[in-house]
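Colleague: I'd like a close look at just one part of this model, please. Pick a part, stay with it, and take me through how the pieces fit together.

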Amino acid sequence: QVQVTESGGGLVQAGGSLRLNCTASTRIFESFALGWFRQPPGKDREFVAGINWIGSTTLYADSVKGRFTMSRDGADNTVSLQMTSLEPEDTAVYYCAVDRIRRTGVARQHHNYDYWGQGTQVTVSA
């Protein structure tokens with residue numbers, strides 16, 4: 001069983017920054033697609049950003065484009081989400097996920113991902 005763990009969440013004021021990190025119990029980040037999702041309070045889980053398995057494509061949701069940066073370090077088996085210019089609308093539980101199917105692109109639907117972290121809370125105050 002692959003374990004995925006997120007960290008770095010917390011409380012930040014609007015306009016601030018946070019960096020989320022994700023690790024896995026096995027070395028899979030270098031060979032599988034990775035995604036970040038978030039679930040705001042009272043809403044459905046939504047796609048935030050993703051990298052395809054070969055690392056040639058990075059995709060961002062329109063709501064975070066230009067503010068969030070996703071990166072992968074295969075050597076360290078980690079993936080991060082650097083978040084800047086945070087807004088109250090970014091408040092959510094953020095999840096790291098792994099898609100084992102080697103697609104050419106990035107899947108946006110959460111059901112396409114096989115392994116999930118427990119989530120980390122990000123709260124942005126006005």
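Modeller: Quick bit of vocabulary before we start: two strands count as paired when DSSP finds at least two bridges between them. Keep in mind, too, that this is a predicted model.

Let's stay with one sheet and what connects to it. The sheet is open and has four strands, in the order β1-β3-β8-β7, with antiparallel pairing. β1 (4-7) and β7 are the edge strands, each of them pairing on one side only. Going from one strand to the next, the twist averages 15°.

Start at the β7 side. Strand β7 covers residues 68-73 and strand β8 residues 78-83; they run antiparallel and are joined by six bridges. F68, for instance, sits opposite M83 in β8. The two strands make a hairpin, with four residues between them. If you like checking backbone torsions, go to N77 in that turn, where phi is positive, at about 55°.

Now step back along the chain to R67, which is in the loop between β6 (58-60) and β7. Is R67 buried or exposed? R67 counts as buried, because its relative accessibility is 12% and the cut-off for buried is under 20%. Leaving aside residues up to four places away in sequence, R67 touches Q82, M83, T84, S85, L86, E87 and D90. So M83 turns up twice here: it is one of the residues R67 touches, and it also stands opposite F68.

Over at the β1 side, β1 and β3 pair in the antiparallel sense, over four bridges. One place to look is T5, whose bridge partner in β3 is T23.

β3 also brings in the disulfide. The count for the model is one disulfide, and it joins C22 to C96, with 2.2 Å from S to S. C22 lies in β3 (residues 18-24) and C96 in strand β9 (residues 92-99), so the pair ties together parts that are 74 residues apart in sequence. The link of C22 and C96 is left-handed, with -85° about the S-S bond. How much relative accessible area does C22 have? C22 comes out at 0%, so it is buried. C96 is buried as well, with a relative accessible area of 0%.

To retrace the route: the hairpin of β7 and β8, buried R67 in the loop before β7, the pairing of β1 with β3, and the disulfide from C22 to C96.

How values were computed: Residues are numbered from 1 along each chain as its sequence is written. This is a predicted model: local features need pLDDT of at least 70, side-chain atom pairs count only at pLDDT 80 or more; totals for chains, interfaces and linings use all residues. Side-chain values use heavy atoms; hydrogens and water are left out. A disulfide is a pair of cysteine sulfur atoms within 2.5 Å. Buried means under 20% relative accessible area, exposed over 50%, partly exposed in between (1.4 Å probe, protein chains only). Contact means heavy atoms within 4.5 Å. Axes are lines fitted to C-alpha atoms, for helices over the stretch in contact, and angles run from 0 to 180 degrees between N-to-C directions.
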